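Here's a quick briefing for anyone meeting this structure for the first time. Take a look at the sequence and the model, then read on.

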Amino acid sequence: MAYMDVRPDNPNGQVVVLLHGKNFCAATWGNTIHVLVEKGYRVIAPDQVGFCKSSKPQAYQFSFGQLASNTHALLEHLNIPQVAMVGHSTGGMLAIRYALMYPQDISRLVLVDPVGLEDWQAKGVPYRTVDAWYARERGKTAAQIRAYEQKVYYADEWRPDYEPWVQMLAGMYRGPEADSVAWNSALLYDMIATQPVVYDLPRLKPPTTVMIGDKDVTAIGSDGAPAEVRAKLGHYPELGRAAAAAIPGAKLVEFPNVGHTPQLQAPDLFHKALLRALD
């Protein structure tokens, strides 16, 4: 498991772990890492197994429990007993699972547009097999990635500074490990679609902040659902408020006119809110 361990010149004694989403890498946290290190935080940002610079095994039982165990082993290896954990998108699902498994190790939990806040299959999204996900992922192009990200991640907005993240992802799909990337992506999508976290929210114990872009419409697998089902999914203002109400003592931060990725689309607003949540 590849990771970054970025240490400040003037440490404040606290460590923040940044967990990336499905179509992201640790590198997409670059801006956030800079902001946190300037404030004295040590930052750990891993690429989870199956993603980016980490191993992409052909046979692996992907589950959020397994990825949480891997992350816990990394922190043990680094001799870090307690952290503030920030999870974005699928990383939010992982952060929730980690906090349920190791609640004593989490000083603060920040969930940034987490997915899994609704049970898509229970709401009518048909199950998609791993082979079907694999066929869908093979040969994915920059144009396809860009169109999806513009709609979902950036609320139909596009700026040149988003393009490097398109090329980062597209480069993996056209590189020498393209088949492994597509296969691991299929395994990971199956994990996301079949392991919602919405039922576990009331069991969370760490102080939690939920951050939501009000224009987020993420709903994994909804493209395979009937139109009347799709219309009911991915309403993030409602999902965020329901999640914050379900988590004991949670705080909610909403970003108007922002999509799935506030740390990239509205970095100044996001980082101010993040620093408040970590304080």
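D156 sits in the loop between α5 (142–152) and α6 (163–174). This is a predicted model, and in it D156 has a positive phi of about 70° even though D156 isn't a glycine. With 56% relative accessibility, D156 counts as exposed, because the cut-off for exposed is over 50%.

**Two loop residues with positive phi**

- S89 is another residue to look at: its phi is near 60°, a positive value in a residue other than glycine.
- You'll find S89 in the loop between β4 (83–88) and α3 (90–101).
- Is S89 buried or exposed? S89 is buried, with a relative accessible area of 5%, while D156, as noted, is exposed.

**Helix α5 and its buried face**

- Back at the helix before the D156 loop, the buried residues of α5 are A142, I145, E149 and V152.
- Look down the axis of α5 and these buried residues fall within an arc of 120°, so they line one face of the helix.
- What covers the buried residues of α5 includes α6.

**Where α6 meets α7**

- α6 and α7 pack at an angle of about 110°, and their axes are 6 Å apart.
- That angle makes α6 roughly perpendicular to α7, because angles from 65 to 115 degrees count that way.
- On the α6 side, the contact is made by M172, Y173 and R174; on the α7 side, A178, V181, A182 and S185 take part.
- Sorted by class, the contact of α6 with α7 has 5 nonpolar, 1 polar and 1 charged residues.

**Where α4 meets α7**

- Helix α4 (residues 130–137) also packs with helix α7 (residues 178–194), this time at an angle of about 135° and with the axes 8 Å apart.
- How do α4 and α7 lie relative to each other, and what is the reason? They are oblique to each other, because 135° doesn't fall in the ranges for roughly parallel, roughly antiparallel or roughly perpendicular.
- The crossing in which α4 passes α7 is right-handed.
- From α4, the residues making the contact are V130, D131, W133, Y134, R136 and E137.
- From α7, they are D179, A182, W183, S185, A186, L187, Y189 and D190.
- By class, that gives 8 nonpolar, 1 polar and 5 charged residues in the contact of α4 with α7.

**A closer look at E137**

- E137 belongs to helix α4, and it is one of the residues that α4 brings to the contact with α7.
- Is E137 buried or exposed? At 0% relative accessibility, E137 counts as buried.
- Leaving aside residues up to four places away in sequence, E137 touches K22, Y173, A182, S185, A186 and Y189.
- Two of those names may ring a bell: Y173 and A182 also appear in the contact between α6 and α7.

**Helix α9 and its two sides**

- Over in helix α9 (residues 236–246), the buried residues are Y236, L239, G240, A243 and A244.
- These buried residues cover an arc of only 130° around the axis, which puts them on the same side of α9.
- E238 and A245 are exposed, and they are on the other side of α9.
- What covers the buried residues of α9? The cover includes β6 (208–213) and β7 (251–255).

Note on methods. Residues are numbered from 1 along each chain as its sequence is written. This is a predicted model: local features need pLDDT of at least 70, side-chain atom pairs count only at pLDDT 80 or more; totals for chains, interfaces and linings use all residues. Side-chain values use heavy atoms; hydrogens and water are left out. Helices (H or I, at least four residues) and strands (E, at least two) are DSSP runs, numbered from the N terminus. Buried means under 20% relative accessible area, exposed over 50%, partly exposed in between (1.4 Å probe, protein chains only). The arc is that of the directions from the helix axis to the C-beta atoms. Contact means heavy atoms within 4.5 Å. Axes are lines fitted to C-alpha atoms, for helices over the stretch in contact, and angles run from 0 to 180 degrees between N-to-C directions. Angles under 35 degrees count as roughly parallel, over 145 as roughly antiparallel, 65 to 115 as roughly perpendicular and the rest as oblique. A crossing is left-handed if the near helix is turned anticlockwise from the far one by less than a right angle, and right-handed if clockwise. Ala, Val, Leu, Ile, Met, Phe, Trp, Tyr, Cys and Pro count as nonpolar, Asp, Glu, Lys and Arg as charged, and the others, Gly among them, as polar.
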